[in-house]
Amino acid sequence: MEALKTSSFSSFHLSINPTRQPKTQNKTMLNLPSSRSTKSSFSLKHSNEVKPKLLSSLSSSVSTEPITPLEQESNIYKQEEKFDWFSQWYPVMPVCDLDKRVPHAKKVMGLDIVLWWDRNESEWKVFDDSCPHRLAPLSEGRIDQWGRLQCVYHGWCFNGSGDCKFIPQAPPDGPPVHTFKKSCVSVYPSTLQNGIVWFWPKTDSQYKDILMKKKPPYIPELDDPSFTKSMGNREIPYGYEVLIENLMDPAHVPYAHYGIMNTPATKNRKKADREGGRPMEIGVQTLDINGYIAKQESGTSKFLAPCIFYFSPNFMANKSNGSVASTNSKKLAPEEPSSPVAQRKLLLIFLCVPVGPGRSRLIWAFPRNFGVWMDRIVPRWIFHVGQNLILDSDLYLLHIEEKKIMKVGPSNWQKACFVPTKSDALVVAFRKWLNKYCGGQVDWGTPFKGALPQTPPREQLLDRYWSHVVNCSSCRVAVKGLNVLEVVLQVLSIASIAILAATKQGVMSVAARASLVAMAVLSFIASRWLSHFIYKNFHFHDYNHALR
């Protein structure tokens, strides 16, 4: 959520407290639609963006109450160009969390895919997760000694192009059935960019070279060696729409994440309640089929449809002379020898992946060009502990909220939700974009009857192990190491007691016996504490708002 934006820095006691910008008499306008393509003021590049058709000029103030209800807007926008959900690049996983030794099962846009490393071509490949023989999942297979993807049901093997190279059951002197077209696996176009594997959700041959025509959004800071590039990912038990609008909502941070995030106090403003919520000035400047840009007191944000939302906060960079350095420049200038402090820059990047109805995946990265040494020393899993707690603290709320939205219907969102303040401007803009270009919801390509997955028990809903740990290389290693340490402490405790019991009285001094007893007790207590730590941080950590 918006709280995640600052979570990686809470451990460092760094706070972003931007200078409040003065109000102007003219309200920021939300232009619908724009006849020109949207360009970010900071360095996110998107190739071959689709330009919307020129329509009659429509504009509304940044007030979150639209002039016309969304169901009436759908009639106004019916001539607009429709957003094609299956003609976009989608992030699958950060490459740092992928094991090259095994195939990985993933789902994106309702499609079951298998992600695997082709060592013959030194590339990550994305296949349809279905063997053409009997439709067994290839993700349950293995990579054989020749670097081919093998289906473990009957042993069929496939190369990086999807061609079947071996059918064990086919007689060597018989027809070459492995060369038949029906023996091949469907291959999705894929590429590695910014340390993330992306794929194009169409397997037709006409899209084989789609990368030459349209590329995924490029974020230079993620490839810049002067920036940190630590990433995280988690499977989310609610849908893409709720996930991305929650990340766009800064007003919920002091309440939904109370006790986790330290919200900077506003100067000359007295707290109205315990959490310190306050009015916010947020203005959406441009909205078209590609997304929108927004300005707020604390910085600039952009939604790049369909997956990317990122935020660039204003930052106090030069403390020696008190000047405020903007973080929205396109390229970070190298440090001048005469400059006391180099310009600090931070991006808070969220990639929201539509997995299926009621399911989504979040990939996050917070590249910055200061405090880089911290990421080199502190293990990544330590940051993930706090970031997962932030995700957990409003996860149940959002899971239930989505079900209520689905009951009234996504197109009736504006009717059901009362959003009278400017703090909801980004959320309202997203719902307008969704209604205007997408009919109010994700187009899954198949009929969706509106039935979401059933709500599981709370412990299962907030489970961290299967939603994050198994998909995170750092947390997997941490859990294994901590489990081993727990066993070592238990063995040490038992061994101390055994030595004490086996030693005859008088052979060992009183001090030595006391030391063994103390070691046994401390080892047992430490193992119990460690067991609780592992469960709480890598399996299940409930968050009770009433008792915070």
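Trainee: What supplies the area that the protein exposes?
Mentor: Carbon and sulfur atoms supply 56% of the about 26,800 Å² exposed by the protein; accessible areas come from the Shrake-Rupley method with a 1.4 Å probe, and for residues only the protein chains shown count as cover. This is a predicted model, in which local features need pLDDT of at least 70, side-chain atom pairs count only at pLDDT 80 or more, and totals for chains, interfaces and linings use all residues. Residues are numbered from 1 along each chain as its sequence is written, and side-chain values use heavy atoms, with hydrogens and water left out.

Trainee: How do you know that E3 and strand E13 pair?
Mentor: Strands are DSSP runs of E with at least two residues, helices are runs of H or I with at least four, and both are numbered from the N terminus. Two strands pair if DSSP finds at least two bridges between them. E3 and E13 (residues 196-199) have four bridges, so they pair, in the antiparallel sense. Pro 91 has Trp 198 in E13 as its bridge partner.

Trainee: Why do strand E3 and strand E12 stand at the edges?
Mentor: The open sheet runs in the order E3-E13-E12. E3 (90-94) and E12 (190-193) each have a single partner strand, so one side of each lacks a neighbour in the sheet.

Trainee: What makes the contact of H4 with H10?
Mentor: Contact means heavy atoms within 4.5 Å. Tyr 240, Glu 241, Ile 244 and Glu 245 in H4 meet Val 427, Phe 430, Arg 431, Trp 433 and Leu 434 in H10.
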